[in-house]
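Trainee: Mind if I quiz you on the labels people put on structures? I'd like to see each one argued from its cut-off.
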Amino acid sequence: MNKFIKNAAIAATMALTAGMATTANANQLDDLLKQIKADRVSEAKLDKKREQEFLSERSDKQALLNKAKAQRNAENERNQRLTKQFADNETTLTNKEAELEAAKGDLGEMFGVVRRASGNAYGRIATSVVSAQYPGREQVLEKLANAKEIPVLAELEELWFALQTEMTESGKVATFEAEITNLDGSKSPSSITRIGSFNLISADVGYLNYNDEQSLIQPLGKQPGGSIVGTVAPFTENTSGYAALYLDPSKGTILNLETQKATYEERYHQGGTVGYVITVVLVLGLLIALERLIYLGAMGAKIRAQLKNTAQPNPNNPLGRMLQVYNENKGVDAESLELKLDEAILRETPKVERGINIIKIFAAIAPLLGLLGTVVGMIGTFQSITLYGTGDPKIMAGDISMALVTTAMGLIAALPLILIHSIVAGRGKQIFHILDEQSAGIIAEIAEKEKQ
């Protein structure tokens, strides 16, 4: 009985629990069904809204398409209208040009003459040095040369004035103030003298160049030789009469070529290493010769002073030392005295002849070095021909210049060395001649005494 009651209680408890679970599940399903119904209503509204927006946009796109088609049709019509108008204008323009040519008559020929004359005058006046003093004259000429219509009277007068000014000023020497654009770009005011239509000069700078492209007055990159540029300052300072001046009849071409000539310094450096060696030989030879001339000159002066007083020998000169030997050996015979005097003269020989032979050797070496430079330069020339051919002479010019310059330098060095060697050797011979003369006189005097 108790067991039955216990089982019945357990069964009742399980039934109650199952009922509670079933009730909970039923509530959750109802909520889920309600949620699904609500979402379906929301999505239906959203779909309907999207459909309305799409239909609205489609209507707008169709309106834009219709508008674009209308614009295209309008542009096509405008294109056809303008094409017809352009063709009509071309026909009208052709007719008007024909009417203009017919109306020109002789003026058309005159127009061609004016354009041709203006073009020729523009090229001449724009590059003229007269334009440095009277700038801006070429502008009206350029306008007339490129004009497509008949010039008016004022323009014809400008052409006449430009040509007349050029002709008049070409025969004048005028001075005016202007700015000179230096090679470094700086500008400096200066007084400029114009020699006709040939040259511009300045006492401070020298010859000037007129740059017609930039309308600038500039100094030459390098002034011509001193004898040429040296005439500028006296010419500008002269206020009356005549003064010499170098002119360039080519209006600057010859001056520019003159500035490209190598100076003596540049030619000297073209000799290269061989040229420098020749210079060293020449300088050493001249220094030795100068020292010998001073030494022998002083020695000769002392000997001449000793000749005036042979009774009192002075040991500061060869003759005095030789006379001292004579005084010390007056008691010996003539032959012994002669030997002692010869010995005294021989002792003086190294002092007198020192360095003279070196000058002679340098005089012989200098032309040989020049010949060496010639050979080296010709070797370089043939190497250039082998590498680059003979198409461009400038490639070979450097080596040929070295060959010629070193030859000239060798001869230039040898000539003064030979001349000065002769002078120095002559001075030494004069000293030995005096010593020999005095020695022979002394020996002769002793020999006469022995005979008596």
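Mentor: Go ahead, but keep in mind that this is a predicted model. Tyr268 is a good place to begin: its relative accessible area is 29%.

Trainee: What makes Tyr268 partly exposed?

Mentor: Buried means under 20% and exposed means over 50%. Tyr268 has 29%, so Tyr268 is partly exposed. Tyr276 has 36%, so Tyr276 is partly exposed by those limits.

Trainee: Why is the pair of Tyr268 and Tyr276 called tilted?

Mentor: The ring centres are 5.7 Å apart, and pairing needs them within 6.5 Å. The planes make an angle of 55°. Stacked would need under 30 degrees and edge-to-face over 60, so 55° is tilted. The structure holds one aromatic pair, by the way.

Trainee: How do you know that the charged end of Arg354 sits over the ring of Tyr295?

Mentor: The distance from the ring centre is 5.7 Å, and the limit is 6 Å. Position matters as well: CZ of Arg has to be within 35 degrees of the ring normal. Arg354 is listed as sitting over the ring of Tyr295, so both conditions are met.

Trainee: Why are helices H4 and H5 called oblique?

Mentor: Their axes cross at roughly 130°. Roughly perpendicular covers 65 to 115 degrees and roughly antiparallel starts over 145, so H4 and H5 are oblique to each other. The crossing is left-handed.

Trainee: Which residues of H4 meet H5?

Mentor: Arg137, Val140, Leu141, Lys143 and Leu144 do, and their partners in H5 include Glu155, Leu159 and Ala162.

Key: Residues are numbered from 1 along each chain as its sequence is written. This is a predicted model: local features need pLDDT of at least 70, side-chain atom pairs count only at pLDDT 80 or more; totals for chains, interfaces and linings use all residues. Side-chain values use heavy atoms; hydrogens and water are left out. Rings of Phe, Tyr and Trp (its six-membered ring) pair if their centres lie within 6.5 Å; planes under 30 degrees apart count as stacked, over 60 as edge-to-face and the rest as tilted. Buried means under 20% relative accessible area, exposed over 50%, partly exposed in between (1.4 Å probe, protein chains only). Axes are lines fitted to C-alpha atoms, for helices over the stretch in contact, and angles run from 0 to 180 degrees between N-to-C directions. Helices (H or I, at least four residues) and strands (E, at least two) are DSSP runs, numbered from the N terminus. Angles under 35 degrees count as roughly parallel, over 145 as roughly antiparallel, 65 to 115 as roughly perpendicular and the rest as oblique. A crossing is left-handed if the near helix is turned anticlockwise from the far one by less than a right angle, and right-handed if clockwise. Contact means heavy atoms within 4.5 Å.
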